[in-house]
Every structure is written in C-alpha cells, then in structure tokens.
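Please look over the sequence and the model below before reading on. The report then takes up the domains, a pocket, two helices and several single residues.

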Amino acid sequence: MEILGIDVGGSGIKGAPVDTERGVLLTKRYRLPTPKPSTPEAAARTIVAIVRHFKWKGAVGCGFPGVVRSGMVLTAANMSRKWIGVQADVLLKEASGCEFTLANDADAAGLAEIRFGAGQGREGVVVMITLGTGIGTALFTDGKLFPNVELGRLELDGKVAEKWASEKVRRDKALSWKKWAKRINKYLDRMHTYFWPDLIILGGGGSKNFEKFAPYLSTPCEVVPAKFRNGAGIVGAALIGANKT
Ligand code: BGC
C-alpha cells in the first residue's frame, strides 16, 4: 500500500510517500519549517503544502507531537496550545481533501522500528525514545503498543525531562556530547528503574549523531539507534494511515 506519511514536529514538518509493506520511502522526503505560532490553522496550511507537493490524493497518516486519541489532539507541549481539543483528522481532511489518520509521533516512530527496524522480531519490553524538540516515548511488549505513553514529561530533579535532555536543549545550550550523554544516562537509568526494558531504541534528530554520544552511555540495558534514525516518524505515520484503510 502507498500512503503519504507526515511527521509533525516542533521544528519541522516532514513527509514522503511510503510503501507500507516494505517500510521504504518512495521518494525523497519534503520538509517545511513548523510555522510560528504553530496554530492549527497555520500548521494545517503547511501540512496541506506537503500534500500538494506530492500531488497526493490518497490516504495520509500523520504523527503529531502530543497525545492523540481517536483523531483528537489532547496535549500539545511543543505546539500551540490551540491544538488541544481539536479533532485534527477532520480539520486536515477538510483542509486537504485527503483521508487523514493521526497518532502520537513517537508511537508512530516506534511502530516503524518494531515492524521494519531496530525492534524487528524483538520480544519483551521495548522502549522507543525520540530525541528532538521534545522527548517522545513509545512502549511495546512483545511488539504490541501501549499508546500515548508520555515519558518525556517525567520529572528529573524537579525538571521535566524533555526540557533538560532533549536534542533541542543540547543544541540551545551547546552541550558537549559527553555532557549531553550524562543527561541522557540519567534519563535512561530512570527508564531502566521503572520499566526494565529489554531494548531501548533512540530515534529523533538526536539519533543522527548516535555514534558521537554512544561511547558515554552507561545504562545497564541494550541501547541502539533507530534504523531509520530521524526518518522513523514518516514511515510510522504511513503505517498508521495504512491501518485505517
Ligand atoms: C509530547 C509527546 C511527543 C514528544 C515528541 C512531547 O512534548 O508531549 O507527545 O511525543 O514531545 O514530539
């Protein structure tokens, strides 16, 4: 099945048509900056621009950086708060003319890695963590997703983890790989204490540089980069769209 996957992030909105049976992008991805402020109307215009770029008429799957239940956005930590309570699948269908299915962005990325990537064939507890503008998390047991797990919101020393250890924080504060890895270790240690994962997969923009900080990781758990690196969100979004049709 060919589905357009769109990954909405706090900094960029990216899309590409995906072959959902093979988990491969059919063309180069197209990225536009997330509008500021990222209101539903403004972000919808950007999303429609991506749909038009590919002259897409079919189904679209979309990962959104917040809790999404039955197409409705319930949280928006890194997007305009105006998204909260918006029936986003209806809004985007009306704006684009295409059928939209939405899910949390990290859940989408995790599905791509479980189906085609670093988590393929892995049993037990797998945690996918996306390091981007925020920190997204997806929790799987024996390949089955527990949806909308918001572990980027976990508190570390009184601070929200994603405000202290995300890829954006690393860049904004120009943290060295070693200093950032120290923060990531603290976060992963907490995951280990609470969930005892068999595998942790790191994705999002931060995972593009996995080799630079991996030597400093010390969590007593297998930690691997996402096979799709930052592209997992697009492939996963398309899987969400394919599930609907
Ligand atoms: C949101 C999550 C999202 C993550 C990554 C967080 O701020 O609460 O839902 O998965 O950012 O985009």
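What follows describes a predicted model, section by section.

## Domains

The domain assignment of the protein gives two parts: domain 1 (2–107 + 232–242) and domain 2 (121–227). Taken over C-alpha atoms, the centres of domain 1 and domain 2 are separated by 23 Å. In the contact between them, 12 residues come from domain 1 and 15 residues from domain 2.

## The largest pocket

The volume of the largest pocket is about 670 Å³. Its lining is made up of 42 residues, and those that lie nearest the centre are Gly9, Asp105, Gly132, Thr133 and Gly134. By residue class, the lining divides into 10 nonpolar, 19 polar and 13 charged residues.

Where does the largest pocket lie with respect to domain 1 and domain 2? Both domain 1 (2–107 + 232–242) and domain 2 (121–227) give residues to the lining, so the pocket lies between them. Several elements each supply at least two residues of this lining: the strands β1 (2–8), β2 (12–19), β9 (125–131) and β10 (135–141), and the helices α3, α5 (167–172) and α8 (232–244).

## Asp105

Asp105, one of the residues nearest the centre of the largest pocket, lies in helix α3 (residues 105–116). Its relative accessible area is 17%. Buried means under 20%, so Asp105 is buried.

With neighbours within four places in sequence left aside, Asp105 is in contact with Asp7, Val8, Gly63, Phe64 and Pro65. A further pairing concerns Ile234: Asp105 and Ile234 are 129 residues apart in sequence, and their C-alpha atoms are 8.9 Å apart in space.

## Helix α8

Ile234 is also one of the buried residues of α8. The others are Ala232, Gly233, Val235, Gly236, Ala237, Ala238, Leu239, Ile240, Gly241 and Ala242. Since 11 of the 13 residues of α8 are buried, this helix is largely enclosed by the rest of the structure.

How does the expected span of α8 agree with the distance between its end C-alpha atoms? At 1.5 Å a residue, the 13 residues should span 18 Å, and the end C-alpha atoms are 19 Å apart, which agrees.

## Helix α1 and the residues beside it

Helix α1 (residues 40–53) has 14 residues, which should span 20 Å at 1.5 Å a residue; its end C-alpha atoms are 20 Å apart, in agreement with that value. The buried residues of α1 are Pro40, Ala42, Ala43, Ala44, Thr46, Ile47, Val48, Ile50 and Val51. Among the elements that cover these buried residues are β1, β2, β4 (30–33), α2 (88–96) and β8 (100–104).

Backbone features of note occur on either side of this helix. In the loop between β4 and α1 is Pro37, which is joined to Lys36 by a cis peptide bond with omega of about -5°. Lys55 follows α1 and has a positive phi, near 50°.

## Two buried residues, Glu162 and His192

Glu162 has its place in helix α4 (residues 162–165) and counts as buried at 6% relative accessibility. Apart from neighbours within four places in sequence, the contacts of Glu162 are Ala77, Asn78, Gly134, Ile135, Gly152, Arg153 and Val169. Of these, Gly134 is also named among the residues nearest the centre of the largest pocket.

His192 lies in helix α6 (residues 177–195). At 11% relative accessibility, His192 counts as buried as well. Beyond its neighbours within four places in sequence, His192 is in contact with Pro197, Thr219, Pro220 and Cys221.

## Positive phi at Asn148 and Arg229

Asn148 is not a glycine, yet its phi is positive, about 60°. Asn148 lies in the loop between β11 (144–146) and β12 (155–156).

Arg229, also not a glycine, has a positive phi of about 45°. The loop between β15 (223–225) and α8 holds Arg229. Is Arg229 buried or partly exposed? With a relative accessible area of 23%, Arg229 is partly exposed.

Key:
Residues are numbered from 1 along each chain as its sequence is written. This is a predicted model: local features need pLDDT of at least 70, side-chain atom pairs count only at pLDDT 80 or more; totals for chains, interfaces and linings use all residues. Side-chain values use heavy atoms; hydrogens and water are left out. Helices (H or I, at least four residues) and strands (E, at least two) are DSSP runs, numbered from the N terminus. Buried means under 20% relative accessible area, exposed over 50%, partly exposed in between (1.4 Å probe, protein chains only). Contact means heavy atoms within 4.5 Å. On a 1 Å grid over the protein atoms alone, a cavity is a set of points where a 1.4 Å probe fits but cannot get out, and a pocket is an open set with protein on both sides within 12 Å along at least five of seven lines; lining residues have an atom within 4 Å of a point. Grid points are joined across faces, edges and corners, and a volume is the space filled by probe spheres set on the points. Ala, Val, Leu, Ile, Met, Phe, Trp, Tyr, Cys and Pro count as nonpolar, Asp, Glu, Lys and Arg as charged, and the others, Gly among them, as polar. Domain bounds come from an automatic or database domain assignment. The expected span of a helix is 1.5 Å times one less than its number of residues.
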